[in-house]
Amino acid sequence: MSKEELGLDKNANDVALESEERRKFFSKSALIGAGVVAAPMTAAMFASTAQAQVKSAANSPVVHPGELDEYYGFWSGGHSGEVRIMGIPSMRELMRIPVFNIDSATGWGLTNESKHIKGESAHILAGDSHHPHMSMTDGSYNGKYVFINDKANSRVARIRCDIMKCDKMLTVPNVQAVHGLRVQKAPYTKYVVCNGEFEIPMNNDGKDGMEDVSTYRSLYNVINAETMEMAFQVMVDGNLDNTDADYDGKYFASTCYNSEMGMNLGEMITSERDHVVIFSLAACEAALKAGKFKTYNGNDVPVLDGRKGSELTRYIPVPKSPHGLNTSPNGEYFVANGKLSPTVSIISIKKLDDLFANKIKPRDTIVAEPELGLGPLHTAFDNKGNAYTTLFLDSQIAKWNVQDAIDAHNGKKVNYIRQKLDVHYQPGHNHTSQGETRDADGKWLIALCKFSKDRFLPVGPLKPENDQLIDISGDEMKLVHDGPAFAEPHDCMMVHRSKMKPLKIWPRNDPFFAPTHAQAKKDGVDVYTQNKVIRDGKKVRVYMTSIAPTYGMNEFKVKLGDEVTVIVTNLDQVEDVTHGFCMTNHGVQMEVGPQATSSITFIANKPGVQWYYCNWFCHALHMEMRGRMLVEA
Ligand code: CUK
Ligand code: CUA
C-alpha cells in the first residue's frame, strides 16, 4: 500500500490537529479509567500510552474527500431487513443491499429476478437481519460471499460480493427464528451454520404436542454454502442463541439461554447455569453417512440427535443465559459471554478432543471466567492477545488480556482488565477489523450501541442507534466517531479492501438474470439487439433496450387486464450509468445496471395512456427518458 493510501502523506498541520483531538479524548478516557479500572494507572502505563499516541497517528479516522476507505464494513440492518456496506474508518454508508425487505429503488422484491431468488418466501415482505459473515479460506476472508440470517422468518440469504446483491435465499425448515449465524472458517467455508432459537414441537402440525412443553426442541442448522441447501440439522437440549467455529474445521460452538425450556421470562432465567453446546463436525458427518437421522414435518432434511449423552455434542455448563460466542483469532478459545452473569467463560478448544474422548469433564475445558462488568454480550479480539467485551448494562467496552485472565484464574495476582471505555449507549455487538479471522489486525473496533439518547439532534420519539468507531491501535481505546444508524445493526464485520473484487459492469451472462434470458430465448428475442412485444394469451412480454437517454421503445400497446412483463436490458457499457424503469400509478419500479437485464410483471388495470420513465438519474436528458403504454379498453 502506498504512503498516501495509509494516510501518511498528511501535512504537519493535519497531524497537529489530530493529536489535539486525541489529547481531548485521552484526558476524557483517563478520567473514566481512574474510576473504573481496579488498578491505578502506573507511570509505565502512562508512558506506553504516550507512545501509543505516536503509534496511532497513522490510524486516522479522517478520510479526505476523494480518498478511499481501507476497509469494507458489512452491517446488518436488523429489522429493516437489509445489509449495508460501510467504508471504514470514514463510517460513510456506501451502499444498501436489500435482502429480506422490499426496496423501491432497486426493485428488490418487486422484480422477477429478485422474486425468483427469494423463491418460496417471495411473498414475505419483511425480515430481521442480524449476523452478516463472510466466507473464508484457511481462516481468512475470501471476498466471495456474505451470509445473513433473517430471525423473523427463519431464513438465511447469501450476498454475492462481486455484484453486491443477494443471489440465494433459503427458509430453514423445522425451526422458528434463525438467530446466531457464522461460517466454517477452515479449510474453507463448506458450511454455513446457524441456530434455531425458538423451541417448537418436532412435528409442528398443530395435531398434538403443543401443550406438552417437554417435547419442544430447537435445532442447529448446517447449510451447504455453495448450493445454499440444507446439509443437516442437529437436535439439542435447550434453545440456542449465538454460534461460532474453530480454525481447524472440527468444532462449532453455540450458546444456550433458557436451558430450563421456560415459556415465560421468569421460567427462562431460573437456573444459575445454562450451557455452551459443542458440535463435532466429524461425528455429525459420520452419523449422517451411517443414516442415523430422522425427518420431520414431511420434508427430507436429515435431523441428527445431538441431545445430552449423544456422541455428536458436548454440553459445557456456563453461567447464566450466555449470549455471544466468539472464537479468538489464534484459534485457541471460544469465549461465551455471560449476559446475566458479569463474567465470560473461556473454553480451551485444544481440550475439546479430550472432552469428546471422555477423558475430561465438560467444566475442565473452562480455563478462565474473568469478571468484566455488567451485561457482557459480545467479545472481539485484536492481534495482541487482548479482548474487547461489550457491557450492555454498564454502557462500556471492557478491554482485557486473555492470557492474564487465565493466569489470574490459576491464582496469579494480575489485573487482566486493561481499560474500560464509556460508549453511548448500551452496546450489543462489537467488532474489530478482521477480528473473526486469522488476520485480526488490532486497528479498529466498532461498538454497535442500541441507544443514542442525547448524542444527536433529536428527530422525534424514534431515535437512531449509535455505531461508534474506536481506535484500538494504541494501548488505549479511543473513541473517534459517532455514527447514527437506522434500525438495527446487530452485528457487522470489517474486511480489508485488498480482499474484495467487486465488478464495475454486469457480465452479460450473469446467473442473476439467467431465467429471464432463458424466457427471452424461448420467445426468440435477442435482448441485446431487439425491441419486441410478444403476446402469449393474456400475457404480454415487452422486451426493450436502454441507452442513455432513451428506451428502445417509445410506446407499446396492451389490452386492459393484460398481465404485462417489461424486460429492460441496459446496453450502456459505461460504469455507473444505471437506468431504471417505473410505470406511473402501478407500483412498478426497478434498477437496470449497466449491461444487466431486469424484468417486472404487473396487471395493466388502468385504461388509457400510461407513461413510463427512467427513475435512476442517467443523463442530462434523463427527464426525457420516458415512453407510453397505451392500454386499450
Ligand atoms: S444478537 Cu443482537 S446484540 Cu442477534 Cu448477535 Cu447480540
Ligand atoms: Cu435512464 Cu435516467
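1. Is Asp-523 buried or exposed? In this predicted model, Asp-523 is buried, because its relative accessible area is 15% and the cut-off for buried is under 20%. Asp-523 sits in the loop between helix 8 (514-522) and strand 31 (532-536). Beyond its neighbours within four places in sequence, Asp-523 is in contact with Ile-534, Arg-541 and Tyr-543. As for Trp-616, 93 residues separate it from Asp-523 in sequence, and the C-alpha to C-alpha distance is 28 Å.

2. Gln-595 is another loop residue to check. The loop in question joins strand 37 (588-592) and strand 38 (597-603). Gln-595 counts as buried, because its relative accessibility is 4%. A polar atom of the Gln-595 side chain lies 3.1 Å from the backbone oxygen of Leu-571. What else does Gln-595 touch, leaving aside neighbours within four places in sequence? The contacts include Asn-570, Leu-571, Asp-572 and Gln-573. Ile-505, Trp-506, Arg-508, Phe-513 and Tyr-528 are also in contact with Gln-595.

3. Next, the ligand site. Which residues surround ligand 1? Among them are the histidines His-130, His-131, His-179, His-323, His-378, His-429 and His-490. Asn-242, Gly-428 and Lys-450 also belong to the residues around ligand 1. By class, the shell has 9 polar residues, 1 charged residue and no nonpolar ones.

4. Now a sheet. Its 4 strands run in the order 18-19-20-21, with antiparallel pairing, and the sheet is open. Strand 18 (325-327) and strand 21 (366-368) are the edges; each has a single partner strand, so one side of each has no neighbour in the sheet. On average, neighbouring strands are turned by 30° against each other, direction ignored.

5. The pairing of strand 20 (residues 344-348) with strand 21 is antiparallel and has 2 bridges. Here Ile-346 stands opposite Ala-368 of strand 21.

6. Helix 7 (residues 402-409) lies across strand 19 (333-337), strand 20 and strand 21. The helix runs at about 100° to strand 21. Which residues of helix 7 are buried? Val-402, Asp-404, Ala-405, Ile-406 and Asp-407 are.

7. Both ends of helix 7 deserve a look. At its start, a side-chain oxygen of Asn-401 comes within 3.1 Å of the backbone nitrogen of Gln-403. Gly-411 follows the helix, and its phi is positive, near 100°.

Notes:
Residues are numbered from 1 along each chain as its sequence is written. Chains are lettered from A and ligands numbered from 1 in the order in which they are written. This is a predicted model: local features need pLDDT of at least 70, side-chain atom pairs count only at pLDDT 80 or more; totals for chains, interfaces and linings use all residues. Side-chain values use heavy atoms; hydrogens and water are left out. Buried means under 20% relative accessible area, exposed over 50%, partly exposed in between (1.4 Å probe, protein chains only). A polar contact is a pair of N or O atoms within 3.5 Å; within protein, one must be able to donate a hydrogen and the other to accept it, and residues adjacent in sequence count only if both atoms are side-chain atoms. Contact means heavy atoms within 4.5 Å. A residue is near a molecule or strand if one of its heavy atoms lies within 4 Å of it. Ala, Val, Leu, Ile, Met, Phe, Trp, Tyr, Cys and Pro count as nonpolar, Asp, Glu, Lys and Arg as charged, and the others, Gly among them, as polar. Two strands pair if DSSP finds at least two bridges between them. Axes are lines fitted to C-alpha atoms, for helices over the stretch in contact, and angles run from 0 to 180 degrees between N-to-C directions.
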